[in-house]
Amino acid sequence: MDNKTILFAAGGTGGHINPALAVAGLIRHLHPNANIHFVGTADRMEAKLVPAAGYAFHTIEISGFQRSFSPQNIKRNLLTVKRLLTVGGQVNRLLNELKPDIVVGFGGYVAGPVLRGAAKRGFATAIHEQNAYPGVTNKMLAKLVDKTMLASEEAGPRMDCQQPPVTVGLPLRRELLQADRAVSRAELELDSRPMVLSMGGSQGARAINEAVVGMLGLLAKQGRTHFQHAYGQYGKWVPEAVRKAGVPAKCAELTLREYIDDMPRCMAAADLVIARAGAATLAELQACGVPSVLIPSPNVTENHQFHNAMTMVQRGAAVLIEEKDLTPQHLAQTVTELLGDPVKLTNMSKAARAMAVTDAAERIYMELLKL
């Protein structure tokens, strides 16, 4: 891929963007002269994460349809229709400018018009589906693109692919696979006390944010544990809520952030992670061998996060709390019990690491070479 131009289309959530960054990182490592570009939207996570990773970033105006029909969502859907009428021209201008050798989609509604436009114009195209239950965009694109790659083979029968799909796993960034626990903890200035990393997803799940705020009010003041919490783009109320819960504003054992942009460091340093059960998160937990408390989103297709989580629970790598059972007290008790049982944490860590697939990026790279 030396001197080749690769265009990645991914957006919306970390579950779409981070796998794309992982593959891009591998290509940059193997082919420093490759011209790597990303396309996304200006107002979502990719606008921060991609430039921070050092890649050229281009934007188009596109949004997704809202399923409920509130007055506000009707306005949003009308805006989406308007954008769909103009996005084709934006995509064509970008393709004319870059003339990419390969266009790769990693999900999110931004990938739809980009891959559709590239396929119709005869560019080499590929998509990657992260979940066992494919998203609407990738189900549509699978009929058009040259290659469909899957994280889970279970997605194959649910997609009408132009070519037989290839199961490659879920790619992880090299930085995460190579992260060192001792170095990471030193960089975060942690002492021997355990560190709990919690996050409610890139947008910030309100149920998790509320439970974590309550948990911090119960545990953070004890000074026995370091806490790092990412509250997401819709959780900007969290810092004030934590203060009202009685946690000092300058609590040395607590770090609050909107988004964790150094996930490899934080994941490697953590003794326990509290998170949703998206495919990308579970792959990261497995690769780093980190015990976890998983709180699946109940608002996803086919309840797939619950089934994702159960694969970890059944192997002893995680503890499950369903959102309907989530309270600050329950979460605090679960965290306290786990941190108080080092043998169990060690066994959970080993079980998580035994589930890891660490060469997915290499597999995708090999498939892209065939194009």
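In this predicted model, helices H1 and H15 cross in a right-handed way. H1 covers residues 14-30 and H15 covers residues 360-370, and the two pack at an angle of about 70°, with their axes 9 Å apart. An angle from 65 to 115 degrees counts as roughly perpendicular, so H1 ends up roughly perpendicular to H15. On the H1 side, the contact is made by Ala22, Val23, Leu26, Ile27 and Leu30. H15 brings Ala361, Glu362, Ile364, Tyr365 and Leu368 to the meeting. Sorted by type, the residues of this contact of H1 with H15 come out as nine nonpolar, no polar and one charged.

A second helix pair, H11 and H12, is set up in another part of the chain. H11 runs over residues 279-288, while H12 takes in residues 304-314. These two pack at an angle of about 15°, and their axes are 10 Å apart. Angles under 35 degrees count as roughly parallel, so H11 is roughly parallel to H12. The crossing where H11 passes H12 is right-handed. Here Ala279, Leu282, Leu285 and Gln286 from H11 meet Asn308, Ala309 and Met312 from H12. That contact of H11 with H12 splits into five nonpolar residues, two polar and no charged.

H12 also leads over to the sheet, since the helix lies across strands E12 and E13 and runs at about 135° to E13. Strands of a sheet pair through backbone hydrogen bonds, and they can do this either parallel or antiparallel. In this sheet the pairing is parallel, and six strands line up in the order E10-E9-E8-E11-E12-E13 to form an open sheet. What stands at the edges of this sheet? Strand E10 (254-257) and strand E13 (318-320) do, and each has a single partner strand, so one side of each is left without a neighbour in the sheet. From one strand to the next, the twist averages 15°.

Zooming in on E13, its pairing with strand E12 (residues 292-294) is in the parallel sense and goes over three bridges. One of the residues involved is Val293, whose bridge partner in E13 is Val319.

Finally, a look at one single residue. Gln90 sits in helix H3, which spans residues 71-98. Is Gln90 buried or exposed? Its relative accessible area is 15%, and buried means under 20%, so Gln90 is buried. Leaving aside residues up to four places away in sequence, Gln90 touches Ile60 and Glu61.

Conventions: Residues numbered from 1 in each chain as written. Predicted model: local features only at pLDDT ≥ 70, side-chain atom pairs only at ≥ 80, totals over all residues. Heavy atoms only, no water. Helix = DSSP H or I, 4+ residues; strand = E, 2+ residues; numbered from the N terminus. Buried < 20%, exposed > 50% of the residue type's maximum accessible area, 1.4 Å probe, protein only. Contact = heavy atoms within 4.5 Å. Pairing = 2+ DSSP bridges. Axes fitted to C-alpha atoms, helices over the stretch in contact; angles between N-to-C directions. Parallel < 35°, antiparallel > 145°, perpendicular 65-115°, else oblique. Left-handed = near helix turned anticlockwise from the far one by under 90°. Nonpolar A, V, L, I, M, F, W, Y, C, P; charged D, E, K, R; others polar.
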